[in-house]
Amino acid sequence: MEKSILCIPVFLPLIIGFVMLLLPNRLSSLFRVLTLIISVITFVLGIIIFTSGGTNVTWSIVQLGEIKLELLLTATPLGNFMLLFAMGFGLLITLYSLKSRSLGDDRDNANIYYGATLLTIGGSAGILLSNHLLALLIFWEIVTVSLYLLISTGKDNSNFAATKSFAMIGASDAAFMLGVFLVWVCSNENIAERTLVISSISLPTDSVLPVIAFLLLLLAAITKAGAMPLHTWVPTSGEYAPASVMALLPAAIDKLLGIYLLLIIVKKIFIIETAATLNLLLAIIGAATIIIAVMIAMVQHNLKKLLSYHAVSQVGYMILGIATGTPIGIAGGIFHLVNNAIYKSCLFLCGGAVEQQTGTADLEELGGLGKKMPWTFATCLIAALSISGIPPFNGFVSKWMIYQGVIDMASGQAGTIAGLWPVWLVAAMFGSALTLASFVKLIHSMFLSRLPSGLKNTREVSALQIIPMAILAALCVIFGIFYSQVPLQKLINPLLPSLVGENAEYKLSLWNAGLATVLIAAGIGIGVLIWLIGRLSDKIRIVPTWTCGEIQENDKMIVPGTHFYKTVSSMDGLKQLYTGQSKGYFDIYDQGGRLAMALTGFLRWLHSGMLPMYLTWLTLGLLIVLFVVCGIL
Amino acid sequence: MIGLLPAFVVIPLIAAFILPLFGKKGKDAATILANAVILLLLVLAVVAVYSGKQGIYEIGDWSIPLGINLVLDGLSALMLLAIATVATAAMLFSARYMEQYTAKAKYLSLFLLMVAGMNGVVLSGDIFNLFVFLEIASLASYALVGFGCGHEELEASFKYMVLGSVGSIFILFSVGLVYGHTGTLNMAYISQTIQNNGGLNAGLTFALALFIVGFGLKAALVPFHAWLPDAHPSAPAPISAMLSGILIKTLGVYALSRVVFNIFGVSQATGWLIIVLGLISMIIGAFLAIGQEDLKRLMAYSSISQIGYVVLGIGLGAALIQKGEDKLASLAILGGLFHLVNHAVYKSLLFLNSGSIEMATGTRRLEQMGGLAAKLPYTRATCAVASASIVGIPPFSGFWSKLILIIAAILAGYYWIAAIIVFVSLCTLIMYLKVHRYVFLGQLPEKLQNARENKGTMLFAMAFLACLCILMGLLVIIPGLKEAVLDPAVKVLTGGFEYSRFVIGPGG
């Protein structure tokens, strides 16, 4: 193995992380310092690799039959870009955890927490730099395991969440593995020339086997990214896992990796432009994810669960952007990926800060924290406005690019997917509106509303925790205002040629200032009008509450944000869906569990413990073996 | 080395008969003696593998086929090493664990008898002797399963004995048939006679079928598995580790592959029969394991599922040899044998973990445990390593053997077999997630606030096996190791009838 800068971000964290897992908890301060140092190193290396690349590494590990397992580390434009952000998030989350972990009583798990964080950093570096599918798969599984370990450091029911996440992602990893081998089988007619090197595979999707391989890999990608219908591990772990874990993995790195894999399979391994059905499938997954997840998010009462459903919903935009196949749509998808990671991490960190200071994540028990935690409020507000797509924040720009991608596709392509462009556009825009609606609820319940008496002594979190939140919020603003100068021209445009070929030029027509101003003014005007009509119609009487002369101090006399969308959730038709959803009827994990239990129950019933029964099986087995071996069958 | 071959059988046998004399007062001396014997066997086995020597030992200098011979080839050497490794850990674990039971010296004696029996099975070059050693090991294991003398243990032991005896009878009957048709009991000469006759006649075919059922029963393949889920959980933990870890493989898989590959010769029908038995065991074992609420029972069912992998690899090898694809066949067999060794290590580690948990909590029911990560950190760590191996998470050992099996299936064009392997791995993942969820994570029940980990030799035994789990992946990655350890064993099976030429010599 040649020496190269590419090895360090992969192996340094992996090795140290693994050793850390095996060391006792007592050394927790050492773990903290070590994790911080290594995450700084990997971040710096991420920048260096992004700016100047690195020499390729080739290390043949083992040859089994005709299949070679090689470690090929290559710096590709897309991988470098993702690496920069993955390492950046690793560093920020480490910073945040330094203080937050020492406050809690979770010292028990320090070795697991920091060890798994390092494994995540090293594993994702490995995924993003690997040019060999099998090696990529190995790193992919390492990240899955570290997610499990990280979630399991939480309290209460985190064991359930960790199990569910690992089971679901493990299933997708299994699909990934089969997909990888099918890709190998399809990669060439001639066995000796078959390969697993990503850069030398290009499969047309016109026969059955490549399509199956594509679907298997797609399954892995969307499970990791958390798109419908395989998203259910995200909200469950969101509810129970530590907030910093959610900010690191499901909100940021898992999205990066999932979408990275999606881009790799859609743009590099397979040629799907010709396969309209597959493209349509992607668009449907994207659109459905946007709408359904945000509908569920609206009615959540748990802060972290609400955020998790948004983490699901936002993936839909990225997938939709990629599904358009237009340069602007793909650029928008990638830009949205980055933006989402930024504001969603920020939101989870804010949520974690609130939970840490108040001891609860239930929206009904929170309120009026704006004055107590001003920094958290400010950063949370910025992130919430970004995710809702309000200009001039970053979420607006990337969503706008995705809308344009959809429209461009309609004018530039033929076929079902292009013909259905209004559906995609409406899904994306309506989803954005609902996002805003649910964040109005979130901000209201947490920071406005009235302060419950139990939270009178709440204080702001420490500076070490504010810094990562503030950095992320600042990025929201910078990427929003200087969208063209900083992220698009410096980061995203250079990597487009490697994805969509030479004609990667796109024209970003952001908005027509005059028209937009008129529209916004009109919108505000109509709003005022509605308010005035309500006011002037004189049907509302405002009087002080009649308390029969008693003096009452009732905390519950507030406008609870949790009731904002009760009308939606109790609407006929929707109500049944919501109930079914909360009971897990649409959850593949729950349903799969029920099916497996039924099957197991039957098998257990067969194992009654009766000796004669067992002897009967034995005899039957003997007969079958006799028939087969003696050639009677 | 070859001169030392009888030592593998004789030393534990003699020690087994000396040990009961120690009685109650000499308990510690007996423990030390037994541990020393097993350690000596480990050293001998390492030397046997490391030296790479192969050869025949003729007992009492009676030349074959008149006398009885012991044969050391690649496969026996690998099995000897596996037996000695698992036995070392289990014995070390017993030193403290078996203090809970009375009559420790008798336990140690039975343990050594079982080891002697297994070593005899893998070394024997004589089919009747193979049966005798198999019976020694089986009888010792019947007694050990019932060692607790509780209601449950005795019932399990009885069932095990009835079904095990049925299996033994099939094998004995089959040995008789073979003798009748070939006039010899020496495995190499039987094989030679079959080659000279140009194939199997009806009687020998019948004998082969009985062998498959008999050894299949010892290997606990579905549908001959029914004794295992009762017997393995009821035994004391180190014995469960021995039974699941190595006994079913020695008496079942090793004997089966020796008979099928080296004596009778492979055919398409037997190859596919073994593949199907393996696949059924994998799937049914896995489903049954997921539903269990008893920790050791879950692990026992998972053993059935894992033995399926081993048998699948070997069956695939048989079918591929028959198709003339020798390179692929050796890959499949390599996968099977490597999985056998890996499973021996991690499954015995898992059973030792279960023993440590049972000792600390006094229960095997999953729902009565929880949050033990804080109380039993070392058990948790070693259990995590073993689980990661059995599930097949890179870079732990199980990953590599499953990878080899999958690649063999893919290269052979049986994509559906690869899909089943992957699917069963997923089931395995779910069952061990369940173990960790209920045992180590979650809330600590009131009753278990005082649970304490037992350190000392028990911990050492677990740590030893955990290190092996981490390091055994190197067996395929480091170039020289695979050639030295695994390939000779694979060659014995792919070589098929070469065995008889090797034993009888070129002139015979």
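Reader: Are α11(A) and α12(A) roughly parallel or antiparallel to each other?

Author: Two packed helices are described by the angle between their axes and the distance between the axes. In this predicted model, α11 (residues 303-324) and α12 (residues 327-358) of chain A pack at about 175°, and their axes are 8 Å apart. Angles over 145 degrees count as roughly antiparallel, and α11(A) and α12(A) are therefore roughly antiparallel to each other.

Reader: Which classes of residue make up the contact of α11(A) with α12(A)?

Author: The contact of α11(A) with α12(A) comprises 11 nonpolar, 9 polar and 3 charged residues.

Reader: How should one read the side of chain A that touches chain B, and which elements supply it?

Author: One may begin with the contact itself: 47 residues of chain A are in contact with 49 residues of chain B. On the side of chain A, at least two residues each come from β1 (57-64), α5 (133-151), α6 (158-186), α23 (588-606) and α24 (611-629). The largest share, 13 residues, is that of α6(A). By class, this side of chain A has 33 nonpolar, 10 polar and 4 charged residues.

Reader: Where does helix α10 of chain B bend, and how many of the residues of α10(B) are buried?

Author: An α-helix has 3.6 residues a turn, so residues three or four places apart point the same way. Helix α10 of chain B, residues 237-264, bends by about 45° at B:Lys249. Of its 28 residues, 28 are buried, so α10(B) is largely enclosed by the rest of the structure. After α10(B) comes B:Gly265, with a positive phi near 85°.

How values were computed:
Residues are numbered from 1 along each chain as its sequence is written. Chains are lettered from A and ligands numbered from 1 in the order in which they are written. This is a predicted model: local features need pLDDT of at least 70, side-chain atom pairs count only at pLDDT 80 or more; totals for chains, interfaces and linings use all residues. The bend at a residue is the angle between axes fitted to the seven residues ending there and the seven starting there. Helices (H or I, at least four residues) and strands (E, at least two) are DSSP runs, numbered from the N terminus. A residue is buried if 20 or more other C-beta atoms lie within 10 Å of its own, exposed if 12 or fewer, and partly exposed in between; C-beta atoms are placed from the backbone. Two residues are in contact if their C-beta atoms, placed from the backbone, lie within 7 Å. Ala, Val, Leu, Ile, Met, Phe, Trp, Tyr, Cys and Pro count as nonpolar, Asp, Glu, Lys and Arg as charged, and the others, Gly among them, as polar. Axes are lines fitted to C-alpha atoms, for helices over the stretch in contact, and angles run from 0 to 180 degrees between N-to-C directions. Angles under 35 degrees count as roughly parallel, over 145 as roughly antiparallel, 65 to 115 as roughly perpendicular and the rest as oblique.
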